[in-house]
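Student: Please take me through one part of this model slowly. I would like a close look at the largest pocket and what surrounds it.

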Amino acid sequence: MTDTPVEESLFQIIHCYHEYAAREGDVETLSLEELKALLMDNVPRFMETLGRKEPYYITQLFQAADKNQDNQICFEEFLYILGKLVKDYHLQYHRQLCAYYCTQHSLY
């Protein structure tokens with residue numbers, strides 16, 4: 001049986017995390033620079049669409065996720081970052097749907 005698209009996506013997220021975590025220092029955590037590279041390399045349109053490509057946004061995400069304040073993001077903390085990004089993108093998705101609906105029905 002082959003993986004579903006969601007299963008494949010989950011595997012790719014895990015693989016991507018470990019690929020970037022292995023770039024410097026601890027191979028099980030992300031530094032701020034590794035996180036920046038991961039996000040800008042792998043979700044550039046996502047970050048652009050959200051207006052979140054500015055370095056301060058990624059720094060704020062990093063600081064909010066770093067619960068134990070060790071200046072590293074473990075996988076569990078990375079899940080917090082993914083959740084925040086998906087939540088923001090979900091809101092954007094609804095805005096786009098609403099705009100499309102309003103345009104189609106001459107509501108603007």
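Before that, which pattern does the chain follow, read along the sequence? Then, which residues line the largest pocket?

Tutor: Start with the ground rules. This is a predicted model, in which local features need pLDDT of at least 70 and side-chain atom pairs need 80 or more, while totals for chains, interfaces and linings use all residues. Residues are numbered from 1 along each chain as its sequence is written, and side-chain values use heavy atoms, without hydrogens or water.

Now the pattern. Read along the sequence, the chain goes α-α-α-α-α. That is 5 helices and 0 strands. Both are DSSP runs numbered from the N terminus: helices are H or I, at least four residues, and strands are E, at least two. Among contacts between residues at least 6 apart in sequence, 43% join residues at least 24 apart. Contact here means heavy atoms within 4.5 Å.

Next, the pocket. A pocket is an open set of points on a 1 Å grid over the protein atoms alone, where a 1.4 Å probe fits with protein on both sides within 12 Å along at least five of seven lines; lining residues have an atom within 4 Å of a point. The largest pocket holds about 230 Å³ of space, counted as the space filled by probe spheres on points joined across faces, edges and corners.

Follow its lining along the chain. Gln 12, Ile 13 and Cys 16 come up first in the list, followed by Leu 38, Leu 39, Asn 42, Val 43 and Phe 46. Phe 78, Leu 82, Leu 85 and Val 86 complete the lining. Helices α1 (5-21), α2 (32-42) and α5 (75-104) each supply at least two of these residues. Helix α5 gives the most, with 4 residues. The lining divides into 10 nonpolar residues, 2 polar ones and no charged ones.

Zoom in on one lining residue, Leu 38. Leu 38 sits in helix α2. Leu 38 is buried because its relative accessibility is 5%. Buried means under 20% relative accessible area, exposed over 50%, and partly exposed in between (1.4 Å probe, protein chains only). Leaving aside neighbours within four places in sequence, Leu 38 touches Cys 16, Tyr 17, Tyr 20, Leu 30, Val 43 and Phe 78. Take Tyr 17: the two C-alpha atoms are separated by 7.6 Å, with the residues 21 apart along the chain. Over the chain's 108 residues, 26% count as buried.

Now turn to the largest nonpolar core. Such a core is a set of buried Ala, Val, Leu, Ile, Met, Phe, Trp, Tyr and Cys residues joined through side-chain atoms within 4.5 Å. The core has 19 residues, of which Leu 30, Leu 35, Leu 39 and Leu 85 touch the most other members. Two or more residues come from each of α1, α2, α3 (44-49), α4 (55-65) and α5. Helix α4 gives the most to this core, with 5 residues. Leu 39 and Leu 85 also line the pocket. Another of those four, Leu 35, touches Leu 30, Ile 58, Phe 62, Phe 78 and Ile 81, not counting residues up to four places away.

Phe 62 leads to Ser 31. Ser 31 is in the loop between α1 and α2. Ser 31 counts as buried because its relative accessible area is 9%. Beyond four places in sequence, Ser 31 contacts Glu 24, Phe 62, Asn 71 and Gln 72. The C-alpha atoms of Ser 31 and Phe 62 are 8.8 Å apart, and 31 residues separate the two along the chain.

Asn 71 takes us to the loop between α4 and α5. Asn 71 is exposed because its relative accessible area is 55%. Its phi is positive, near 60 degrees. Gln 69 shares that loop between α4 and α5. Gln 69 is exposed too, because its relative accessibility is 68%. Its phi is about 50 degrees, again positive in a residue that is not a glycine. Most residues other than glycine have a negative phi.

Last, a record. An unreviewed UniProt entry lists residues 58-88 as "domain: EF-hand". Such annotations may be inferred rather than shown by experiment. In the model, residues 58-88 are 71% helix and 0% strand, with end C-alpha atoms 14 Å apart.

Technical notes:
Ala, Val, Leu, Ile, Met, Phe, Trp, Tyr, Cys and Pro count as nonpolar, Asp, Glu, Lys and Arg as charged, and the others, Gly among them, as polar.
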